[in-house]
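Here is a short tour of a protein model, written for someone who likes to check things atom by atom. Have a look at the chain first, and then read on.

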Amino acid sequence: MAKLSSELYLISPLDVAGTFPDRLARALDAGPVAAFQFRVKGVDEHEAARLAEPLQRICADREVAFIVNDSISLAKRLGADGVHLGQDDGDVKDARDRLGRNAQIGVTCHDSRHLAMDAGEAGADYVAFGAFFPSSTKDTKHVAGLDLLEWWQSIFELPCVAIGGITAANCGPLVQAGADFLAVSNAVWGGDEAANVAAFFDAIRANPRITDAD
């Protein structure tokens, strides 16, 4: 039986209050999602933990990895499945020491082969490349090309995540080039989340780059 070669990695909008827990449940129920990244700004850790609690429970009920953006301390406080680190958010060794050997640690590597190799050598569980397209979520300071994904897949076994302006309409080349995960935010939360997740799966399924499951 063949399996899809790319999986969805959902990133939260900045506002996760109100009805967002219901929206998250709808999105995760629309198809298998590998991970959900909790990303909020401008709130203290206590408030962030309060906002995260229902979302973390929804993910746990569906066996979706709950990853905290930027903050090793918040990830530890929550007992999260892992943390995603930007280049200025701490290092992999510190995260591993504080979160344990089973934590999933990801590192933003922009468009840099050097940063990605350093992250891999430090013990990261995945590297993230981007932006591949203009993003409405974050300012685009680094632009990555498909050749970066192709190069990484040809040499390394460590999973790679593609991020930045990815939609169901433009994700095909990223899947073909070797993105193990597609990190998406506005393309899901900017409309009907269940329909948007379903559209991503249709696009990924239509892609010819598949591998045989063990």
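What follows covers confidence, the nonpolar cores and one helix.

The model is a predicted one. Its mean pLDDT is 93, and 93% of the residues reach 70 or more. Do keep an eye on residues 210-214, where pLDDT stays under 50; for this stretch the model has 10 contacts beyond four places in sequence.

Now to the interior. The largest nonpolar core has 63 residues, and Phe-36, Phe-38, Phe-66 and Phe-129 have the most contacts inside it. Helix H2 (residues 45-61) gives the most to this core, with seven residues. A second, separate core of 10 residues includes Ala-34, Ala-35, Val-161 and Ala-183. Phe-38 makes a nice starting point for browsing: beyond four places in sequence, the residues it touches include Val-16, Leu-51, Leu-55, Phe-66 and Leu-74.

Helix H4 (residues 92-99) is worth a closer look. Val-92, Ala-95 and Arg-96 are buried there. These three lie on the same side of H4, because they cover an arc of only 100° around the axis. In general, an α-helix has 3.6 residues a turn, so residues three or four places apart point the same way. On the face turned away from the buried side sit Lys-93 and Asp-97, both exposed.

The buried residues of H4 pack against these elements:

| Element | Residues |
|---|---|
| Helix H3 | 72-78 |
| Strand E5 | 82-85 |
| Strand E6 | 104-108 |
| Helix H5 | 113-122 |

Both ends of H4 have something to show. Asp-91 caps the N-terminal end, with a side-chain oxygen 3.2 Å from the backbone nitrogen of Lys-93. Just after H4, Gly-100 takes a positive phi of about 100°.

Notes. Residues numbered from 1 in each chain as written. Predicted model: local features only at pLDDT ≥ 70, side-chain atom pairs only at ≥ 80, totals over all residues. Heavy atoms only, no water. Core = buried A, V, L, I, M, F, W, Y, C linked by side-chain atoms within 4.5 Å. Buried < 20%, exposed > 50% of the residue type's maximum accessible area, 1.4 Å probe, protein only. Helix = DSSP H or I, 4+ residues; strand = E, 2+ residues; numbered from the N terminus. Contact = heavy atoms within 4.5 Å. pLDDT = per-residue confidence, 0-100. Arc of directions from axis to C-beta. Polar contact = N/O pair within 3.5 Å; in protein donor to acceptor, adjacent residues only side chain to side chain.
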